[in-house]
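Subject: Structure handed over, with notes

Dear colleague,

Please find below the structure I promised to pass on to you. My notes on what was found in it follow directly after it.

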Amino acid sequence: MKKANFILVLLLLFSTVLFAQKTFTLSSKDLGGSATQKQEFNGFGCSGTNESPQLSWKNAPEGTKSFAITMYDPDAPTGSGFWHWVVFDIPANVNELLSNAGNVKSNIAPKGAIQSITDYGIKGFGGPCPPEGHGFHQYIITVYALKTTTLGLDENVNPAIVGFNLWNNTLAKASIIAYYKR
């Protein structure tokens, strides 16, 4: 009976490894569970360095033709949240954005990637800047695997239009959340 149990355990382990699904995953070397002054916006009463975090992703689904990344604060006292970063048309062969790639003047974002307008009214990354004493806000950073090479939009488009196009073209998405308060 011991031998039969041993064989059963081996078969279960083998089948788990053989049939395990690799999940689409987003990670960051710059973010743990919280954003820092390095990511904090510089303006609106905040004095951070406004540096977008390093991001990397793996296990995109088959058929992925491009990627997009957003950063959204659902806790902003606006009635509709706040879009801090909208990047799209990232080529399918890219799986990382370097620290500060959200600075459009740095030219370190992948060639062809478009960084459109945020709710700050700027193009590129606009870091956390919650009102003082408002408590922790969650900043949801999401990478989208898309079924199209381009969304057909330009850098002057607003986040709602980008979001509509993402909704229509998403194969998979992965997110991380960073918290921040002042």
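Before the details, one term is needed: two strands are said to pair if DSSP finds at least two bridges between them. Please also keep in mind throughout that this is a predicted model.

With that in place, the bridges can be followed from strand 5, where S66 has P91 of strand 6 as its bridge partner. Strand 5 and strand 6 pair in the antiparallel sense, and seven bridges run between them. On the side of strand 9, which covers residues 137-146, strand 5 (residues 66-73) is again joined by seven bridges, and the two strands run antiparallel. Within that pairing I69 stands opposite V143, while M71 has I141 as its bridge partner in strand 9.

These pairings belong to an open sheet of five strands in the order 8-6-5-9-10, in which the pairing is antiparallel. Its edges are formed by strand 8 (114-115) and strand 10 (170-180), each of which has a single partner strand, so that one side of each is left without a neighbour in the sheet. Helix 2, made up of residues 159-169, lies across strand 5, strand 6 (82-91), strand 9 and strand 10, and runs at about 135 degrees to strand 10.

How many of the residues of strand 5 are buried? Eight of the eight are, and strand 5 is therefore largely enclosed by the rest of the structure. In a regular strand the side chains alternate between the two faces of the sheet. In strand 5 both faces are covered, with S66, A68, T70 and Y72 buried on one side and F67, I69, M71 and D73 buried on the other. For the protein chain as a whole, 42% of the 182 residues count as buried.

A further open sheet consists of three strands in the order 1-4-7, also with antiparallel pairing. The strands at its edges are strand 1 and strand 7 (96-97), each of which pairs on one side only. Strand 1 runs antiparallel to strand 4 (residues 55-58), to which three bridges join it, and S27 stands opposite S56 of strand 4.

The loop that leads into strand 1 (25-27) from helix 1 (2-19) contains K22. With a relative accessible area of 68%, K22 is exposed, because the cut-off for that class is over 50%. K22 and N59 are 37 residues apart along the chain, and their C-alpha atoms are separated by 6.2 Å.

Taken over its length, the protein chain has two helices and 10 strands, which follow one another along the sequence in the pattern α-β-β-β-β-β-β-β-β-β-α-β. Among the contacts in the protein chain with a separation of 6 or more, 73% are accounted for by residues 24 or more positions apart.

Turning to the spaces in the model, the largest pocket has a volume of about 180 Å³. Its lining is made up of A101, N103, V104, N107, I108, A109, P110, A113, Q115, K123 and E155, and by class these comprise six nonpolar, three polar and two charged residues.

The second largest pocket holds about 150 Å³ of space. Of the 13 residues that line the second largest pocket, F82, Y120, C129, P130 and P131 lie nearest its centre, and the elements that contribute two or more residues to this lining are strand 6 and strand 9. By class, the lining of the second largest pocket has nine nonpolar, three polar and one charged residues.

Which residues line the largest cavity? They are L31, A35, Q39, P53, M71, F125, P128, Y139, I141 and A178, and they divide into nine nonpolar, one polar and no charged. The bridge partners M71 and I141 of strand 5 and strand 9 thus both appear in the lining of this cavity. The volume of the largest cavity is about 40 Å³, and the count of cavities of 30 Å³ or more comes to one.

With kind regards

Conventions: Residues numbered from 1 in each chain as written. Predicted model: local features only at pLDDT ≥ 70, side-chain atom pairs only at ≥ 80, totals over all residues. Heavy atoms only, no water. Helix = DSSP H or I, 4+ residues; strand = E, 2+ residues; numbered from the N terminus. Buried < 20%, exposed > 50% of the residue type's maximum accessible area, 1.4 Å probe, protein only. Contact = heavy atoms within 4.5 Å. Axes fitted to C-alpha atoms, helices over the stretch in contact; angles between N-to-C directions. 1 Å grid on protein atoms, 1.4 Å probe; cavity = no way out; pocket = protein on both sides within 12 Å on 5 of 7 lines; lining within 4 Å. Points joined across faces, edges and corners; volume = space filled by probe spheres on them. Nonpolar A, V, L, I, M, F, W, Y, C, P; charged D, E, K, R; others polar.
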